Amino acid sequence: MMSGFFDLVIRGARILDGTGNPFFVRDVGIKDKQIAFIGKNLEGKRVVEAEGLFLCPGFVDIHNHVDHGVLAFPDAESYLMQGVTTSVVGNCGLSMAPIDPARAELTRHYLAPFLRKEVEYGWEWRTLAEFFEKVEQGGIAQNLAPLVGQGTIRIAVKGFDEGVPSSEEMAKMKNLLAQSLDEGAFGLTSGLIYPPGSYSTPEELLELTTVLKTHGGFYATHMRNEGDCLLESVAETLALGEKNGIPIQISHHKAVGKANWGKVNESLKLMEAARERGLEVNCDVYPYQAGMTTLTALLPPTALEGGVGEMLKRLADPDESRKIEQNIEKGIPGWENWIQSLGWGNLVISECEARADYEGLSLENISRQNSSTPYRALFDLLLETQGNVTMLLFGVNEEDLRTVVKSPLSCIASDSWVTAPRGGGKPHPRAYGTFPRFLKTYVRENGDLSWEDAIRKITSLPATKAGIARRGLVQEGFFADLVLFDPQFIGDKATFSDPHQFPVGIKHVIVNGELVLEDEQPTGLRPGKVLKRSACR
Ligand SMILES: [Zn+2]
């Protein structure tokens, strides 16, 4: 029956279909990019023997920043090797579009620490559709599901100016959001610790997100504060969701700083209570105790007023830089102050092309090495590199991590940029290890979750949440995005000191019916698509 009918047949795997159901053993027949048939004794032009392996839907990473580096790394090996077949991009308020030509330089300069330098980006695109057209032209290995960033929209309309938008500016921002959603964006993101997102009041965000109510899509937020004001930030987010009646995704959920450890128990309760009232709220989490972001995030929001260029002028001015130092020392109500909450020793330089000798050193180490104060070391480094530095922040405890990982509300997400060994630097190991680490640590080693439930959290849950159609399940009629892995061996290898290491145990990965990873080796094929939300979802 059906002999030779299929383009590809995967034979005899234990299928974890993404619903959370226990495995069943069948063959999967793939034709025309889709899962055409699930049955027995199937034949095809190509056959992959998969006895003893788990076959599951390709992993959907609901929170990452692949869009920033995809032009430099379209093959995204660091993601394929983890089993990620779809990346939801444009997170933390920082999408690559829309761009106003008059303010393109502000956007470019601000995103510079996250971009990879080996290609000339051009920056000729204006809209989200134009950017992703350019991405697709070169071909991509995995699927991308774009979100649009509130910070990027605000830069396009208002630059890096603080203050409440005028009604005309608000109308422009709403138009850009509506246009991006009409072009297929799956939702809006915010990064409320990053200027200019941090300049936005709750009222401004409430007004802007009314567009999601009319045009569809969800709201993902890197909240205003994940430290001392974590619970207040969750409350602000839930209130916005409930007032506008829109789905909420709380990004990379955690409690930062020793003084706040344990607060995730309360924050998850707040989310559960909001769910009981009818709000569709979820969160995501990366399975590491450190985060990573731009070094400029250590400065108070006012230091960035006017953009990176203005920030550099202030840091070069003795009076202005002293004021910044005093603001950090005093603290600003509601502002997440990592220098105070984590300490200089827990802030470690990650990627810094201009000073590669600093990579892997904490700001405490660097200041000692230079016999300067830590503040001077920080300001000098920002000046020397034009702000083009990323850092690791060590501030989460393992018990909290386990609590969030185990919550039925959470998806697992990498929150990483895309890189490759040739990319250099010391990126966060999550770039290579997130999904294998999650399965190895929390399923095989700790037994915190069953395989079935763990796979659900990285497939159907994020796909459904993001509104991605016909992906995230092994089901007839769904696109053939699939992962085959060995449960005995799956695991991460990347560490903070040696991050450029691929994981092990993921045997084959299929995107839109084509093998992009075969016997743990990338094939170089680029069958990925830029996905678009259909208007009714
Ligand atoms: Zn973020």
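Let's start in a loop: Pro196 sits between β10 (187-191) and α7 (202-208). The peptide bond leading into Pro196 from Pro195 is cis, with omega near 5°. Keep in mind that you're looking at a predicted model. Below is a quick tour of its backbone quirks, its two domains and some side-chain pairs.

**Backbone spots to look at**

- Most peptide bonds are trans, and most residues other than glycine have a negative phi.
- Against that background, the bond from Ala97 to Pro98 is cis, with omega near 5°.
- You'll find Pro98 in the loop between β7 (84-89) and α3 (104-111).
- Lys33 isn't a glycine, yet its phi is positive, near 70°.
- Look for Lys33 in the loop that runs between β2 and β3 (34-39).

**Two domains and where they meet**

- The domain assignment splits the protein chain into domain 1, made of 59-289 + 395-469, and domain 2, made of 298-393.
- Measure between their C-alpha centres and domain 1 and domain 2 come out 24 Å apart.
- At the meeting place, 29 residues of domain 1 are in contact with 27 residues of domain 2.
- Together, domain 1 and domain 2 bury about 2,200 Å² between them, and 57% of that is on carbon and sulfur atoms.
- On the domain 1 side, His109, Pro113 and Lys426 supply 23% of the area buried against domain 2, more than any other three residues.
- The side of domain 1 that touches domain 2 is a mix: 12 nonpolar, 10 polar and 7 charged residues.
- What links the two sides? There are 7 residue pairs in polar contact across the interface of domain 1 and domain 2, but the count of salt bridges between these domains is 0.

**Salt bridges**

- The structure as a whole holds 31 salt bridges.
- One of them joins Asp7 and Lys31, whose closest N and O atoms are 3.9 Å apart.
- Asp7 belongs to strand β1 (residues 6-15) and Lys31 to strand β2 (residues 24-31), so this pair ties together parts that are 24 residues apart in sequence.

**Aromatic pairs**

- To describe a pair of aromatic rings, you give the distance of the centres and the angle of the planes.
- The model has 18 aromatic pairs.
- Take Trp344 and Tyr375: their ring centres are 4.9 Å apart and their planes are at 85°, so the pair counts as edge-to-face.
- This pair links distant parts of the chain, with Trp344 in the loop between α13 (338-342) and β15 (347-351) and Tyr375 in helix α15 (residues 374-385), 31 residues apart.

Definitions and conventions
Residues numbered from 1 in each chain as written. Predicted model: local features only at pLDDT ≥ 70, side-chain atom pairs only at ≥ 80, totals over all residues. Heavy atoms only, no water. Domains from an automatic or database assignment. Contact = heavy atoms within 4.5 Å. Buried area = accessible area lost by both parts, 1.4 Å probe. Salt bridge = Lys/Arg side-chain N within 4 Å of Asp/Glu carboxyl O. Polar contact = N/O pair within 3.5 Å; in protein donor to acceptor, adjacent residues only side chain to side chain. Nonpolar A, V, L, I, M, F, W, Y, C, P; charged D, E, K, R; others polar. Phe/Tyr/Trp six-rings, centres within 6.5 Å; stacked < 30°, edge-to-face > 60°. Helix = DSSP H or I, 4+ residues; strand = E, 2+ residues; numbered from the N terminus.
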